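Reader: Could you give me a close look at one helix and its packing partners? I would like to follow the contacts residue by residue, and then see what lies around them.

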Amino acid sequence: MMGGHHAISGTAAWMALAGSAPVLGHAAGLDLWDLSPEHVIAGAVVATGAALLPDIDHPGATVSRSGGGLTKALTRVVSRAAGHRGATHTLLAVAAFTALAMVVDGLDWQVQVPVLGEVEAGAALLVTLMCALGTRALKVVEGPLLPWVVGLGSGVLVGVIAPDTSFWLPAAVAVGALTHLAGDLLTTDGIPFPTWPLTVRPPKHLASPLWQRSGDIAVPLLGNAGSAREWLLCTVLTGFAATTVIVTVAGAPGMLAV
Ligand SMILES: [Zn+2]
């Protein structure tokens, strides 16, 4: 799946799970965590960026090109160690991304910002990073610097208007990264066996495109990455994400006031 498509499916998945905005008279999300509209939107931003994280193993991916030399060097190390669609496309990696988010989010680190007052720096940092990734992948803003400026703005905003980030921020990282795995699972190449590094390989006569000799699995409903079916699915997801985000923002007076 392409970077922008991963990003928008991360947004849509988060809005479907955490959102509760009324669309056509029905709640358009499961409201799993009973979050305020501000938290839902901030989580959507984080899930969008986190949906790009597993592709840190690919030099051409948005996430690898986002942070200049630093992320390029990181990609070189990861792709050499794990190969593309290897270790970073597993449940273990999702758990690691989520644990890392919990550590950053849990930092007891408040920063005094002029005018805005005290800002939760851990949460702001996480939102800044994920927002910069997401806006770049979705081509909301372009160029080497602008996504980071937008990211920093969102990070500080969240640090001010939604300082209670106890669990929903890491949850958004988990949802985003899991959505990435689901997206790649739907393409021909598939993903490593879910319990990786414990891989179950099929006996020769049972090997198929769904369960490959390598142990990789796929449900290739979308065909090859970037296919017309992938575009169609992501157009629908974009419509869902945009509608639910707009309705949620409209229902959050605090956000509109800021
Ligand atoms: Zn991928």
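Author: Happy to. Axes here are lines fitted to C-alpha atoms, for helices over the stretch in contact, with angles from 0 to 180 degrees between N-to-C directions. Helices (H or I, at least four residues) and strands (E, at least two) are DSSP runs, numbered from the N terminus. This is a predicted model, in which local features need pLDDT of at least 70 and side-chain atom pairs count only at pLDDT 80 or more, while totals for chains, interfaces and linings use all residues. Residue numbers start from 1 along each chain as its sequence is written.

Let's settle on H8, residues 168-185. Its 18 residues should span 26 Å at 1.5 Å a residue (times one less than the residue count), and the end C-alpha atoms are 25 Å apart, which agrees. Of those 18 residues, 16 are buried (20 or more other C-beta atoms, placed from the backbone, within 10 Å of their own; exposed is 12 or fewer, partly exposed in between), so H8 is largely enclosed by the rest of the structure.

One partner is H1, residues 3-18, whose axis comes within 8 Å of that of H8 and crosses it at roughly 125 degrees. That angle makes H1 oblique to H8 (under 35 degrees is roughly parallel, over 145 roughly antiparallel, 65 to 115 roughly perpendicular, the rest oblique). On the H1 side, the contact (C-beta atoms, placed from the backbone, within 7 Å) is made by His 5, His 6, Ser 9, Gly 10, Ala 13, Trp 14 and Leu 17. Facing them in H8 are Ala 172, Val 175, Gly 176, Thr 179, His 180 and Gly 183. By class, this contact holds five nonpolar, eight polar and no charged residues (Ala, Val, Leu, Ile, Met, Phe, Trp, Tyr, Cys and Pro are nonpolar; Asp, Glu, Lys and Arg charged; others, with Gly, polar).

Another partner is H5, residues 91-105: here too the axes come within 8 Å, and they cross at roughly 160 degrees. H5 is therefore roughly antiparallel to H8. Val 94, Phe 97, Thr 98, Ala 101, Met 102 and Asp 105 of H5 meet Leu 169, Pro 170, Val 173, Ala 174, Ala 177, Leu 178 and Leu 181 of H8. The classes in this contact are eleven nonpolar, one polar and one charged.

Following the chain beyond H8, the loop between H8 and helix H9 (228-250) contains Pro 197. The peptide bond leading to Pro 197 from Trp 196 is cis, with omega near 10 degrees.

On the other side of H8 in sequence is H7 (residues 146-161), home of Val 158. With 27 other C-beta atoms within 10 Å, Val 158 is buried. Apart from neighbours within four places in sequence, Val 158 contacts Ala 42, Ala 123, Ala 124 and Val 127. Its C-alpha atom is 33 Å from that of Leu 186, 28 residues away along the chain.

A further helix to compare by eye is H6 (residues 121-137), whose 17 residues reach 24 Å from first to last C-alpha, close to the 24 Å expected. H6 is also largely enclosed by the rest of the structure, because 15 of its 17 residues are buried. Just after H6, Lys 139 takes a positive phi of about 55 degrees.

Definitions and conventions. Contact = placed C-beta atoms within 7 Å.
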